[in-house]
Amino acid sequence: MGVSSVKEDVKAVIVVGFAGLVAGVCSMAIGEFVSVCTQRDVQIAQMKREKRKGSSKSDENDEKLPNPVQAALASALAFAIGAVVPLLAAAFIRQHKVRMAVVVAVASVALVVFGVAGALLGGTPMVKSSARVLVGGWMAMGTTFGLTKLIGSDHGIEF
């Protein structure tokens, strides 16, 4: 969305979109890994405190420790799928305004699907979950589009 705000060339959108996909996958995976490692460390510290107090819960909690690598891979895969869907839609449409509309529509459908999938996996209300993911995605797309348009237009930045 950002590049499309200042550049109509589909090749630029694909190249920058792919770079964003790779950067996003790495960022999501690393962020998830660090976050889950921290969560795991806190849980282990809590289990040690409980063990010192004589609680027997620690044995059953050992099985519930989060796996940082698994979480990182899941986050990276989810980001990659979410990023490749609108990127593929953009790759096949030459007309700039149509391409942008299709990317927003395809990304919106993908966001709703992710929201529904998350609700089903987490046992939460589907409408609330999918609405939250959809609105968050729209905010990200709008912010990216608006800021790039503002910066690119005011400063003559070329991509």
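Is Cys37 buried, exposed or partly exposed? In the predicted model considered here, Cys37 has a relative accessibility of 22% and therefore counts as partly exposed, given that the buried class is restricted to residues under 20% relative accessible area. Cys26 is likewise assigned to the partly exposed class, because its relative accessible area is 41% and the exposed class begins only over 50%. As regards covalent links between cysteines, a search covering the whole structure returns zero disulfides.

The secondary structure of the protein consists of six helices and zero strands, so that the order of elements, read from the N terminus, is α-α-α-α-α-α. With respect to solvent accessibility, 29% of the 159 residues of the protein count as buried.

Helix H2, which covers residues 10–53, contains Arg52, a residue that counts as exposed because its relative accessibility is 66% and the threshold for that class is set at over 50%. Arg52 also takes part in a positive patch on the surface, in which it is joined by Lys48, Arg49 and Lys53.

A second surface feature is nonpolar in character and is made up of Leu77, Ile81, Val84, Val85, Leu88, Phe92 and Phe114, whose accessible area together amounts to about 630 Å². Helix H4 supplies the largest share of this nonpolar patch, namely five residues. Phe114, which is also a member of the patch, is located in helix H5, a segment that spans residues 96–122. The relative accessibility of Phe114 is 33%, and this residue therefore counts as partly exposed; the value also satisfies the requirement that patch residues have over 30% relative accessible area.

Helix H4, which comprises residues 68–91, is in addition the location of Ala89. In contrast to the partly exposed Phe114, Ala89 counts as buried, because its relative accessibility is 14% and thus falls in the range under 20% that defines the class. The position of Ala89 may further be described relative to Ala105, from which it is separated by 16 residues in sequence, while the distance in space between the two, taken from C-alpha to C-alpha, is 9.7 Å.

Methods
Residues are numbered from 1 along each chain as its sequence is written. This is a predicted model: local features need pLDDT of at least 70, side-chain atom pairs count only at pLDDT 80 or more; totals for chains, interfaces and linings use all residues. Side-chain values use heavy atoms; hydrogens and water are left out. Patches are made of residues with over 30% relative accessible area and no salt bridge: like charges are joined within 9 Å, nonpolar side chains (Val, Leu, Ile, Met, Phe, Trp, Tyr) within 5 Å. Accessible areas come from the Shrake-Rupley method with a 1.4 Å probe; for residues, only the protein chains shown count as cover. A salt bridge is a side-chain nitrogen of Lys or Arg within 4 Å of a carboxyl oxygen of Asp or Glu. Lys and Arg count as positive and Asp and Glu as negative; His and the chain ends are not counted. The place of a charge is taken as NZ of Lys, CZ of Arg, CG of Asp or CD of Glu. Helices (H or I, at least four residues) and strands (E, at least two) are DSSP runs, numbered from the N terminus. Buried means under 20% relative accessible area, exposed over 50%, partly exposed in between (1.4 Å probe, protein chains only). A disulfide is a pair of cysteine sulfur atoms within 2.5 Å.
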